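Q: Please take a close look at one part of this model, a single residue and its surroundings, and then set that part against the chain as a whole.

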Amino acid sequence: MNKFEPYLEILKSSLESLDQWREIFGSEQTVSHSLPDHEPIIQVIETLREKLEGNYPFHHPQYAGQMLKPPHPVAWIAYSLAATINPNNHALDGGPPTSEMEKEIIHQLAAMIGYKENYLGHLTSAGTIANLEALFVAREIHPGKAIAASANAHYTHRRMSRVLGCKFIEIPVNEIGQPDFRFIEKHADQIGTLVVTPGTTGLGHVEPIAKMKHLADEFGFRIHADAAYGGFFKLLEQELPSRAHWEILSECDSIVIDPHKHGLQPYGCGSILFKDASAGRFFKHDSPYTYFTSDDLHLGEISLECSRAGAAAAALWATLQLFPLSEQGLGNVLKKTRRAALNFSDRIEKEPGWELYCEPELDIAGYFKTPLKNSIHELNRINRNVFDAGTRSRKNGFHLSLFAIPADLFTKKFPQFKKDAPQAVILRSVFMKEEHYGFTDELAGRIFSADSD
Ligand SMILES: *Cc1c(COP(=O)(O)O)cnc(C)c1O
């Protein structure tokens with residue numbers, strides 16, 4: 001029996017029931033008409049399976065590299081079931097039930113954030129396109145003004161500002177990830193929208209929304225929160241050191257949250273919400289192809305994308321039925337991932353010859369093995385070696401990522417190091433799986449005993 005057997009039984013029986021619905025329309029069906037012989041399918045799927053084994057073990061807690069993990073099986077069951085119909089959430093007519101599910105999801109996300117009544121939002125195929133929408137609205141509201149984001153913001157903000165023809169201002173950060181407020185004040189008259197990142201992709205810093213919001217009110221710019229990775233930590237705000245910032249998340253003008261990061265979803269699921277529904281006016285368009293049977297607001301009318309998988313909405317909808325957006329629901333999963341990061345950091349701090357770069361604010365840890373010589377060049381060499389060593393063994397291996405910090409920032413924290421390389425390259429671990437909790441000692445042990453020479 002494979003690990004997924006119990007789930008497959010559920011999928012099988014629901015597919016059978018769905019077939020009965022299909023039969024209502026007559027026995028002529030697309031699927032059965034174009035079904036090729038069984039044998040070639042078996043062969044091609046077998047080849048696919050072999051190719052897929054070229055992946056890193058994303059499913060296993062020994063993988064603590066990038067923000068990657070398999071979706072909850074309920075998500076892919078729901079996705080597969082809906083995909084046999086293939087609804088398109090571009091328009092309500094493209095998939096009435098999955099569009100309704102999407103609206104329900106948006107209400108749930110809005111309730112989590114604390115947005116009241118007059119918000120607007122929809123799912124997207126990823127965080128980058130969701131951020132592009134936010135920046136597009138930013139440009140329309142303040143034409144000619146700049147988009148500003150910290151040096152720790154996701155690299156796509158600069159790229160998308162370029163796509164939009166907007167000036168982009170990069171705000172310097174200090175060694176603990178705090179944006180330079182003086183710099184923001186100095187450039188405030190040029191800024192139309194400031195991007196704040198509660199949960200940076202690199203080390204999971206929660207940028208200070210409270211302070212940024214204060215500046216925004218003083219100088220009249222807007223705030224966009226890129227919570228693609230961090231958004232669901234809102235559920236844990238009571239226990240986060242950054243609580244004050246999460247508590248005013250609802251004061252941001254727009255927010256991006258990626259269900260395919262921390263929402264247990266397969267890729268293809270981001271989201272964007274605007275605090276004020278009037279942002280929808282920038283998306284209005286007429287199309288001769290769609291929108292003939294419903295007067296209700298179409299998801300396609302408030303989005304830059306056209307076709308979008310209704311199956312992604314079905315998957316997230318089903319997942320949220322089982323893991324509601326509460327501290328006890330999805331929050332419970334994130335609680336474990338955060339505890340895993342904290343436990344692991346404790347181990348690093350206690351281990352002679354190892355150093356924590358900074359205490360994890362969410363569930364990402366940055367750390368390094370200290371070289372014998374206080375040289376950044378040497379630090380980079382031995383930490384790269386540790387990183388490489390982990391991928392050599394399958395059963396007792398580990399998978400981390402590397403994170404580059406400008407040498408000037410690094411030496412602010414660790415002044416004993418000689419600046420003989422432009423960047424310090426440290427180790428980074430994202431503990432975003434529940435399974436990491438309970439595996440951190442084992443993982444730390446493997447990393448400590450890795451050969452770094
Ligand atoms: C992952 C991430 C993005 C990009 O989202 P995609 O879904 O990968 O397009 C943007 N911002 C932050 C903070 C992220 O962590």
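**A histidine and its surroundings**

A: In this predicted model, the side chains of His205 and Glu361 are joined by a polar contact of 2.9 Å. His205 itself lies in the loop that runs between β4 (191–196) and α9 (209–219), and with a relative accessibility of 6%, which is under the 20% limit, His205 counts as buried. Once the neighbours within four places in sequence are set aside, the residues in contact with His205 include Thr197, Pro198, Gly199 and Thr200, and also Asn152, Ile176 and Gly177, together with Cys358 and the polar partner Glu361.

Turning from this residue to the chain that holds it, one finds 16 helices and 11 strands. The radius of gyration is 24 Å, close to the 22 Å that the globule rule gives for 453 residues, so the chain is as compact as a globular protein of that length; along the principal axes, its C-alpha atoms fill a box of roughly 75 × 60 × 35 Å. Of the 453 residues, 52% are buried, and among the contacts with a separation of 6 or more, 72% are between residues 24 or more positions apart. The accessible surface of the chain amounts to about 21,400 Å², with 53% of that area belonging to carbon and sulfur atoms. As for the charges, the chain carries 46 positive and 57 negative ones, and their mean positions are 7 Å apart.

Conventions. Residues numbered from 1 in each chain as written. Predicted model: local features only at pLDDT ≥ 70, side-chain atom pairs only at ≥ 80, totals over all residues. Heavy atoms only, no water. Helix = DSSP H or I, 4+ residues; strand = E, 2+ residues; numbered from the N terminus. Rg over C-alpha atoms; globule rule 2.2 N^0.38 Å. Buried < 20%, exposed > 50% of the residue type's maximum accessible area, 1.4 Å probe, protein only. Contact = heavy atoms within 4.5 Å. Areas by Shrake-Rupley, 256 points an atom, 1.4 Å probe, with all protein chains shown as cover. Lys, Arg positive; Asp, Glu negative; His and termini not counted. Charge placed at Lys NZ, Arg CZ, Asp CG, Glu CD. Polar contact = N/O pair within 3.5 Å; in protein donor to acceptor, adjacent residues only side chain to side chain.
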